Amino acid sequence: MTTTATTTPAVRTAPRTSLWQPVYLRTELRRLARNRRTVIFTLVMPPVFFLLFGTQSAYGTQSVGNGNVTAYVMISMALYGAMLATTAGGAGVSIERAQGWSRQLRLTPLRPAAYVLTKVVSALVFALASVVVTCAVGLVSGAHLSTRALVLGALIAWVGSAVFAAFGLFMGYVLPAENVMQILGPVLALMAFAGGLFVPIDGGVFATIAKFIPTYGLAELTRAPLLGTAPNVWAYVNVLGWGLVFVVGAARRFRRDTARV
Amino acid sequence: MTTDELALDLRELHKSFRTPAGTVRAVDGLDLAVRPGEVVAFLGPNGAGKTTTIDLVLGLATPDSGTVRVLGHEPSDAIAHGRVSAVMQTGGLLKDLTVRETLELTASFYGTPWAVGPALERAGLADAAGRRVGSCSGGQQQRLRFALALLPDPDLLILDEPTTGMDVAGRRDFWNAIRADAAQGRTILFATHYLEEADAYADRIVLLSHGKVVADGTAAQVRAVASGRVVSAVLDAPATDDELAALPGVDHVERRGDRVQLHTRTSDELARLLLTTTGAHDLEITSLGLEQAFLTLTSDDAAPVAPPAPATDRSASTAGSLR
């Protein structure tokens, strides 16, 4: 082998690889669908919680704003599912970095931006699936609300859940473990209770505490179209504040990690 | 220069890391030129700078000073063009994908979906294609990393201690796959701390120590040094170095206090001679480890311990020189 010339052609074409990687996106979606825990967290638990908490007969007749209480619970659970999906997606990135997958990718022509885009899109696809499943179950189980409230509520739940992708990424760095979602799942459930996502909190010290819980702001914004009232100012402060904390925290960890890799 | 383009051209490379214990000079003035078609072993103990050098070649780290050219390109360009690929030590695989899915995904990054089947075959993974990566053996995972590295049909393939943690059978299968690949003329650089691997699979061995190239020669040259032994003894009558060097089989003479250390490849004969025909006593025979081999090769008064490399067209400029 010492004197043979290389068999490789002299000229190579190397197109700059695209940001849009359909094979990678398909693979990521397949991985999510194959992960039983992800499917239970995002596609099964939210509609089941809705059926448990939202379908008492009294809720069907009790009206709130542009719909009934059943619809209120449905929209809340849709947001909960979307939050779980994006949190799991964000946590997945830091887990993959810890496992050396990102390093492996750096040995290929794939651009880092294409990696981030693919992870974000796949997390958002699952978040959307979660919202759609919960709303579909809700609509056939007695939820009544105006089309505008449904579309706007679902849209805000879906897009707003992106804040929790940063939360998942940040937490994935703080608690780097393959089963980090086993911790984050219950944490999200606790935050959903404390922030008034599962059960509205009226007055008292708990209502004050709720305003500082990361789920509070998104819950208020998501339910505003249904309630037909403008969300209070604390909801915006809450979403922007926690969004900033998660994004800055994740970005700092991410940068330190990239410097090392 | 196109036909003469070096596969790898490293000049005056320096890379330091700050650790709590102080600054570590992982790579400290490293020069290396690898020609197309060579199979080069990077041999050295842990901490010699092998992995850091490979990181610099692959653009996973940037040098503090010095230049890296891979097939005439910047490392990142060589990666983006698929002209260099690598098999890393551990990690880097998604356990929940199958072997085939991992290959298909990676092939999509290179735009070479047709390369999946041949890569499976050449890495000996055709039977394991449908298996989840997480349930593959360590050897299979390593052959998967090898298959991934084949996907772009690279000109230069880099392997960083590829058989660490593999059993004997896995190691043999792995090297058989690599050897078959090398026979096709691909340039290969692999890091190892197993002398046997370097000996068996490389046609040029580069010894690294403390971030520098301390020796660079053919496998035969390095083997000759590293397989030698040291016969040391206390002499009752003084003898000059020249007199000792004239003893049969003595390659090199050193003194440590009142002991003389004679480097030889025929230790039994030398020991018999010393004990029967001279007043030497307290005789010890120790084998020359790699570290010792490095020292022998780099000490200023080192005698030429190995026969000159057979002259071939490419070894004339590289493999023949013991630095």
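Tutor: In this predicted model, chain A has 261 residues, and 48% of them count as buried. Residues are numbered from 1 along each chain as its sequence is written, with chains lettered from A and ligands numbered from 1 in the order in which they are written. Local features need pLDDT of at least 70, side-chain atom pairs count only at pLDDT 80 or more, and totals for chains, interfaces and linings use all residues, while side-chain values use heavy atoms, with hydrogens and water left out.

Student: How do you know how many helices and strands chain A has?

Tutor: Helices (H or I, at least four residues) and strands (E, at least two) are taken as DSSP runs, numbered from the N terminus. Chain A comes to 12 helices and two strands, and along its sequence the pattern reads α-α-α-β-β-α-α-α-α-α-α-α-α-α.

Student: Why is A:Glu96 called buried?

Tutor: A residue is buried under 20% relative accessible area, exposed over 50%, and partly exposed in between, judged with a 1.4 Å probe and protein chains only. A:Glu96 has a relative accessibility of 3%, so it counts as buried. A:Arg31, with a relative accessible area of 12%, is buried as well, because this value also falls under the limit.

Student: What makes the contact between A:Glu96 and A:Arg31 a salt bridge?

Tutor: The term asks for a side-chain nitrogen of Lys or Arg within 4 Å of a carboxyl oxygen of Asp or Glu. The closest N and O atoms of A:Glu96 and A:Arg31 are 2.7 Å apart, so the pair meets the definition. A:Glu96 lies in helix H4 (residues 69-98) of chain A and A:Arg31 in helix H1 (residues 22-34) of chain A, so this salt bridge ties together parts that are 65 residues apart in sequence.

Student: How do you know that A:Glu96 also forms a salt bridge with A:Lys119?

Tutor: Their side chains meet at 2.8 Å, N to O, and that distance again satisfies the definition. Because A:Glu96 belongs to helix H4 of chain A and A:Lys119 to helix H6 (residues 112-140) of chain A, the pair ties together parts that are 23 residues apart in sequence. Both A:Glu96 and A:Lys119 are buried.

Student: What makes the salt bridge of B:Asp153 and B:Arg186 a link between distant parts of the chain?

Tutor: The closest N and O atoms of B:Asp153 and B:Arg186 are 3.0 Å apart. B:Asp153 is in the loop between helix H5 (138-150) and strand E6 (156-160) of chain B, B:Arg186 is in the loop between helix H6 (168-182) and strand E7 (187-192) of chain B, and the two residues are 33 apart in the sequence. B:Asp153 is partly exposed, because its relative accessible area is 34%, whereas B:Arg186 counts as buried at 8% relative accessibility. Elsewhere, salt bridges that share partners join A:Glu28, A:Arg31, A:Glu96, A:Lys119 and B:Asp96 into one network. Over all chains, the structure holds 27 salt bridges.

Student: How do you know that strand E8 of chain B is mostly covered?

Tutor: Strand E8 (residues 204-209) of chain B has six residues, and six of them are buried. Its two faces are both covered, with B:Arg204, B:Val206 and B:Leu208 buried on one side and B:Ile205, B:Leu207 and B:Ser209 buried on the other.

Student: Why are E8(B) and strand E3 of chain B said to pair?

Tutor: Two strands pair if DSSP finds at least two bridges between them. Strand E3 (residues 39-43) of chain B and E8(B) are joined by four bridges and run parallel, so they meet the definition. Within this pairing, B:Ala41 has B:Ile205 in E8(B) as its bridge partner.

Student: What makes E8(B) and strand E9 of chain B a pair?

Tutor: Five bridges join E8(B) to strand E9 (residues 212-217) of chain B, and these strands run antiparallel, with B:Leu207 standing opposite B:Ala215 in E9(B). The hairpin of E8(B) and E9(B) has two residues between the strands, and in it B:His210 takes a positive phi near 50°.

Student: How do you know that strand E1 of chain B pairs with strand E2 of chain B?

Tutor: Strand E1 (residues 8-19) of chain B and strand E2 (residues 22-34) of chain B pair in the antiparallel sense over 10 bridges, B:Leu10 stands opposite B:Leu32 in E2(B), and a hairpin joins the strands through two residues. E1(B) also pairs in the antiparallel sense with strand E4 (residues 65-70) of chain B, over five bridges, and there the bridge partner of B:Asp9 is B:Arg69.
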